[in-house]
Amino acid sequence: MSVSTFEVDVLARCREIVEDPAFTAVRRWKEAHPYQKVVGCYPVYSPIELVHAAGALPVGIIGGGNQVEIAHADARFQSFICSIVKSTLELGLTGRLDLLDGIFFHSICDPARNLAAVFARNFPNLRVEYIHYPQNLASPTAVTYFRAELERIRAALAEITGRSIADEALHDSIVLYNRWRTRIRHLYELRQAAPEKLPAAEAYTLLRAGTLMPVEEHLPLLEAALRKIPGRTAKRQDRIRVVVEGAFCEQPPVDLIAAIEQAGCYLLDDDLLLGWRWFTGDVPEDGDPLEALATSYIDRSVYCGTKHDTRAPKAAHLVQRVRALGADAVLFLCAKFCEPALFDYALYRRALEEAGIPHLFLEFEEKMWIFDRARGEVETFVESMLFG
């Protein structure tokens, strides 16, 4: 593959930002904007448009990855709990989150619910907000309920920032984030059309950096990528084309994603960083902006292990996605002890087997350094498909 300034400079910068547990890039932003606030967003979905409209910086707090030693957080939780909960608390207990003025948690699973309470107890000076998402998306009152919840979050953000959020400001933020999400969709389309030109590990690093910088700074990086990547020269290799499912909350190490690719897979699509590319289409830019966000969550959000929509079974969505992309198989990349992902796996597995779609289950933890076993399992799976 040809190497350009994009690979050398932009991707290296993004990797440095993503793997920095001290959040140096965010701290620099805060030093440059001393009167503006920083609001943490725990996976999966947060209304980042509201944070932006309040003049604050939304920052993805997505665990510590394999860059943080767990020395204090273990004592606050039971043994069988996912890595992201422990490492997120460890970031707080070691002062790495002292740059936050507020943080959002959600009703996505029991550990996330408990983490919000643990944060509120351990960091009394940090504004902790817990967003209650509608559980019955088919209810005729779901939009009304969620709009009211977003109104409450708007008021909380106004208290954090000292700045009320006008509808006009929220509208402008929605327009900006629609543009950002459009670029992300194009990046995925480019990867699906020519996966040899854009490895998933690179795309992931580029996108995750966007959770740690202003959208106004990340947009030019995305647009540069969209200009540069089609011109790359790379030979298509004899690999299988897979869809990755199950990594919507805790994120696998970047090197694990790379190892899976090197083992013989092209990753056409995934559910990584799902909360930051949550909607299947644009948020409506006309009418009441709060209602636009609420209806987008109800009607235009992606299927996910943390969302229960009786109108559209998740397993049917997965089968449809695999067929639409022309993928050969599904790779379940699930965080250890992630109950939503493991519960879904039973449903997905049955649906894939009925549809005759091969699949492989892999479990990961944030704190992984050696990927030989995972790589070996993927290589065996790939060989069974290519030569079996």
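## Two parallel sheets and the bridges around them

Let's start with an open sheet of four strands, paired in parallel and ordered 6-5-7-8. Its edges are strand 6 (265-269) and strand 8 (359-364), each of which pairs on one side only. Going from one strand to the next, the twist averages 35 degrees. Keep in mind as you rotate the view that this is a predicted model.

Look at the strand 8 edge. Strand 7 (residues 329-335) runs parallel to strand 8, and six bridges join the two. If you want one pair to click on, take C334, whose bridge partner in strand 8 is E363.

Now add the helices that lie over this sheet. Helix 14 (residues 372-387) lies across strand 5 (240-245), strand 6, strand 7 and strand 8, and runs at about 175 degrees to strand 8. Helix 10 (residues 254-262) lies across strand 6, strand 7 and strand 8, this time at about 120 degrees to strand 6.

Next, move to lower residue numbers. Here you'll find an open sheet of four strands with parallel pairing and the order 2-1-3-4. Strand 2 (57-60) and strand 4 (127-131) are the edge strands, each with pairing on one side only. Neighbouring strands in this sheet are turned against each other by 25 degrees on average, ignoring direction.

At the strand 4 edge, strand 3 (residues 102-106) pairs with strand 4 in the parallel sense over five bridges. One residue to pick out is I103, which has V128 as its bridge partner in strand 4. Two helices come into the picture here. Helix 5 (residues 110-122) lies across strand 3 and strand 4, running at about 155 degrees to strand 3. Helix 6 (residues 142-161) packs on the sheet too, touching strand 1 (38-41), strand 3 and strand 4, and its direction makes about 170 degrees with that of strand 4.

With the backbone layout in place, on to the charged side chains. The count comes to 31 salt bridges, and a few are worth a visit. D101 and K30 meet through their side chains in one of them, at 3.0 Å from N to O. D101 sits in the loop between helix 4 (83-93) and strand 3, while K30 belongs to helix 2 (residues 24-32), so this pair ties together parts that are 71 residues apart in sequence.

Another salt bridge takes us back to helix 6: E159 pairs with R127, and their closest N and O atoms are 2.9 Å apart. This one links distant parts of the chain, with E159 in helix 6 and R127 in strand 4, 32 residues apart. How covered are the two partners? E159 is exposed, at a relative accessible area of 58%, whereas R127 counts as partly exposed at 28% relative accessibility.

Then there's D299 with R311, a salt bridge whose closest N and O atoms are 3.0 Å apart. D299 is in helix 11 (residues 289-300) and R311 is in the loop between helix 11 and helix 12 (314-325), twelve residues apart. D299 is partly exposed, with a relative accessible area of 47%, and R311 is partly exposed as well, at 42%. Some salt bridges share partners, and that joins R127, E129, E149, R152 and E159 into one network. R127 and E159 are the pair we just visited, linking strand 4 and helix 6.

For a change from those accessible side chains, find helix 8 (residues 200-209). Helix 8 is mostly covered, with nine of its ten residues buried. Among the buried residues are Y204, L206, L207 and R208, along with several alanines including A200 and A209.

Last stop: the cysteines. How many disulfides does the structure hold? There are zero. C41 shows why in its own case: the closest cysteine sulfur, in C249, is 13 Å from the sulfur of C41, too far for a bond. C41 is also buried, at 3% relative accessibility. C109 is in no disulfide either, with the nearest cysteine sulfur, that of C82, 5.9 Å away. The cut-off used for a disulfide is 2.5 Å between the sulfur atoms, so C109 and C82, at 5.9 Å, don't count as one. Like C41, C109 is buried, here with a relative accessibility of 15%.

Note on methods:
Residues numbered from 1 in each chain as written. Predicted model: local features only at pLDDT ≥ 70, side-chain atom pairs only at ≥ 80, totals over all residues. Heavy atoms only, no water. Pairing = 2+ DSSP bridges. Axes fitted to C-alpha atoms, helices over the stretch in contact; angles between N-to-C directions. Contact = heavy atoms within 4.5 Å. Salt bridge = Lys/Arg side-chain N within 4 Å of Asp/Glu carboxyl O. Buried < 20%, exposed > 50% of the residue type's maximum accessible area, 1.4 Å probe, protein only.
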